Amino acid sequence: MSTTVSPTYDDVVARYEPVLGLEVHVELGTNTKMFCGCPTGFGAVPNTQVCPVCLGLPGSLPVANRAAIEATIRIGLALNCSIATWCRFARKNYFYPDMPKNFQISQYDEPLCSEGWLDVEVDGELVRVGIERVHLEEDTGKSLHLGGATGRIHGARESLVDYNRAGIPLVEIVTKPVPGTGAKAPTVAKAYVAELRDVVRSLGVSDVRMEQGSLRCDVNTSLNLPGRPWGTRTETKNVNSLRSVERAVRSEMLRQSLVLDAGGRITQETRHFHEDTGETTSGRSKETATDYRYLPEPDLVPLAPDPAWVERLRVALPEAPRLRHQRIRAEWGLTELEMQAVVNAGAVELIEATVAAGATADGARKWWLGELSRRANESGVELGSLGVRPVQVAELQRLVDEGKINDKLARVVLDGVLAGEGSPAEIMVARGLEVVSDTGALAAAVDAAVAANPAVAEKIRDGKVAAAGVLVGAVMKATRGQADAKTVRDMILSRLSAG
Amino acid sequence: MVAISRDEVAHLARLARLAVTEEELDTFAGQLDVILQSVARVGEVVAADIPPTSHSIPLTNVLRDDVVRPGLGQDAALSGAPDTDQGRFRVPRILEEEA
């Protein structure tokens with residue numbers, strides 16, 4: 001056995017050129033499934049959202065969901081694709097129990113949308129990712145594998161299948177091969193998926209949540225020597241977070257370089273990404289396309305989207321997220337880095353809504369990226385699911401701006417908002433949190449602090465203004481933090497300069 | 001010329017998870033060949049102006065609105081299953097050849 005020294009990533013990209021390809025599946029957020037009227041809610045009791053069509057019972061006939069067709073065309077348009085004027089669904093035949101009818105209705109050589117592109121920004125540079133096709137198919141059921149370790153298929157003795165998910169409209173978005181990204185390949189892959197997610201989210205056709213599987217990603221990776229033909233690719237499945245997309249590409253590049261350095265050949269195969277180790281392991285060998293025996297779906301008539309309909313959808317597309325971010329960045333006066341932080345936190349819409357509710361962009365951003373992000377992280381939820389509405393944040397900021405509460409009290413008010421106690425103003429009153437602005441009470445507290453700290457007072461009288469902090473602290477303590485520190489400081493200084 | 005080889009029949013049988021004996025392979029290859037040759041004769045009369053037909057009815061865009069309709073309950077859904085467990089269809093381990 002030879003000892004192999006693992007090459008460093010820098011070493012790998014110095015000697016090999018990676019080629020990427022990404023297949024993203026987006027589960028549409030339609031009310032009903034692709035070919036039947038079953039509901040699509042996540043997390044329902046197993047096999048309660050099923051009917052003869054999605055269970056593939058004899059005699060049942062599928063009918064395509066108009067909303068799903070429309071959503072797919074809109075995704076295609078947002079990705080600068082051509083929309084087919086005529087296309088068919090196809091049967092993809094295979095024998096897993098995740099589809100009850102031994103085939104999946106998909107599209108084969110006639111995708112609804114094709115030949116598009118998506119611009120992705122990486123380190124301030126635009127990378128144009130070509131889109132090969134966007135097609136519509138039905139999602140599969142969920143299997144629970146018994147007898148194997150941790151619910152995985154390996155070593156499993158039997159499987160339990162829930163068909164609630166079977167038949168939910170699933171859009172597959174396939175890129176053209178992406179060469180020339182070099183060392184940035186993992187970052188480009190991640191940035192593409194993030195951008196695609198933002199585009200789909202902006203269309204409102206899916207909640208695109210990777211952790212719930214409504215956006216799933218397969219990553220194709222190959223390596224070749226400079227100037228040589230592209231290498232054999234592997235397809236890594238089970239990549240369930242943006243971070244994993246990046247890690248999966250990187251780990252696959254490292255693994256393939258080891259094989260190639262040793263004079264070996266890369267097998268075209270499916271590999272599984274393991275979240276815990278960040279590595280991939282070999283899965284099933286890829287069946288060739290013809291083995292699926294695709295045939296035009298005889299139970300569904302062809303689709304021929306009316307060009308006028310497509311044009312109406314095109315005109316009504318929302319602004320592309322990347323361009324929208326550029327515009328917002330200018331409006332809010334943010335640097336690239338600051339905007340990036342806002343985007344990464346998923347706070348663009350939240351801040352926008354907060355500004356619309358009357359807050360300044362700076363004030364809104366401070367709340368959402370600061371205190372609220374911190375709380376969201378602590379609770380392990382997304383910012384938007386925290387339970388605070390933009391209009392409440394705007395009100396909170398207004399109370400601070402009006403001097404009614406200080407930042408510290410605002411955080412207490414926020415506790416109340418999260419606990420569902422009402423609007424920030426109501427909570428401020430109910431909890432008695434309003435800043436002490438009664439000058440009489442404050443003046444008494446200042447007098448008491450001066451009397452209790454004669455030595456400090458003397459220093460301040462001698463011009464050592466910095467010593468005032470001690471007295472401010474004493475007053476704040478006496479007012480239980482409910483005074484405005486700056487006002488207190490001003491009062492102390494004027495009291496002692498006059499004295 | 002044969003329209004389908006014995007090897008192709010064996011391949012199809014494997015894809016369809018059908019256990020086919022050597023004798024059956026010979027039989028089916030011969031029978032399928034007759035069927036395919038017959039169908040192929042249709043191709044002989046096809047003129048260039050006749051597109052391949054996948055659907056016999058000249059309809060497009062048969063779509064339905066995105067409105068929920070009642071389906072089957074869990075009991076009814078599972079009633080035809082050979083075996084169930086935890087509200088799910090219970091099936092033998094699969095992917096044997098792919099693990």
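Begin by selecting A:Glu235 and A:Thr270: A:Glu235 stands opposite A:Thr270, a residue of β13(A). The model on display is a predicted one.

**First stop: around β12(A)**

Display strand β13 of chain A, residues 269-274, together with β12(A); the two pair in the parallel sense over 3 bridges. Next, add strand β11 of chain A, residues 215-224, which is joined to strand β12, residues 234-239, by 4 bridges and runs antiparallel to that strand. Select A:Asn220 here, and its bridge partner in β12(A) proves to be A:Glu235. A:Glu235 therefore serves as a convenient landmark, since the DSSP bridges that define pairing link β12(A) to β13(A) and also to β11(A).

**Second stop: a sheet within chain A**

Select β5, β4 and β15 of chain A, which form an open antiparallel sheet of 3 strands in the order β5-β4-β15. The edges are held by β5 (103-106) and β15 (295-296), each with a single partner strand, so one side of each has no neighbour in the sheet. Strand β4, residues 90-93, is joined to β5(A) by 4 antiparallel bridges. To view one position in this pairing, select A:Arg91, which stands opposite A:Ile105 in β5(A).

**Third stop: a sheet that spans both chains**

Now show chain B as well. Four strands make an open antiparallel sheet in the order β8(A)-β9(A)-β3(B)-β2(B). At its edges are β8 of chain A and β2 (84-85) of chain B, each pairing on one side only.

Proceed across the sheet from the chain A edge. β8(A) and β9(A) run antiparallel and are joined by 5 bridges. Select A:Leu146, whose bridge partner in β9(A) is A:Glu158. Then cross to chain B: β9(A) pairs with strand β3 of chain B, residues 88-92, in the antiparallel sense over 4 bridges. A:Glu158 can be followed across the chain boundary, for its bridge partner in β3(B) is B:Pro92.

**Fourth stop: the contact between the chains**

Widen the selection to the whole contact, which takes 57 residues from chain A and 39 residues from chain B. The area buried between the two chains is about 3,900 Å², with carbon and sulfur atoms giving 60% of that area. On the chain A side, colour A:Arg66, A:Leu160 and A:Val301: these lose the most area to chain B, together 14% of what that side buries.

Which residue forms a salt bridge with A:Arg66? The partner is B:Asp65, and the closest N and O atoms are 2.5 Å apart. The count of salt bridges between chain A and chain B is 2, and 22 residue pairs are in polar contact, both residues being at pLDDT 80 or more. Several elements of chain A each supply at least two residues to the side that touches chain B, among them α2 (66-78), β8 (142-146) and β14 (279-285). β9(A) provides the largest share, 5 residues. By class, this side of chain A has 35 nonpolar, 11 polar and 11 charged residues.

**Last stop: A:Gly422**

Finally, centre the view on A:Gly422, in the loop between α12 (407-418) and α13 (424-430) of chain A. Is this residue buried, exposed or partly exposed? A:Gly422 is partly exposed, with a relative accessible area of 24%. Leaving aside residues up to four places away in sequence, A:Gly422 touches A:Gln392, A:Val417 and A:Ile427. Select A:Gln392 to end the tour: this residue is 30 residues from A:Gly422 along the chain, and their C-alpha atoms are separated by 9.3 Å.

Note on methods. Residues are numbered from 1 along each chain as its sequence is written. Chains are lettered from A and ligands numbered from 1 in the order in which they are written. This is a predicted model: local features need pLDDT of at least 70, side-chain atom pairs count only at pLDDT 80 or more; totals for chains, interfaces and linings use all residues. Side-chain values use heavy atoms; hydrogens and water are left out. Contact means heavy atoms within 4.5 Å. Buried area is the accessible area (1.4 Å probe) that two parts lose on being put together, summed over both. A salt bridge is a side-chain nitrogen of Lys or Arg within 4 Å of a carboxyl oxygen of Asp or Glu. A polar contact is a pair of N or O atoms within 3.5 Å; within protein, one must be able to donate a hydrogen and the other to accept it, and residues adjacent in sequence count only if both atoms are side-chain atoms. Ala, Val, Leu, Ile, Met, Phe, Trp, Tyr, Cys and Pro count as nonpolar, Asp, Glu, Lys and Arg as charged, and the others, Gly among them, as polar. Buried means under 20% relative accessible area, exposed over 50%, partly exposed in between (1.4 Å probe, protein chains only).
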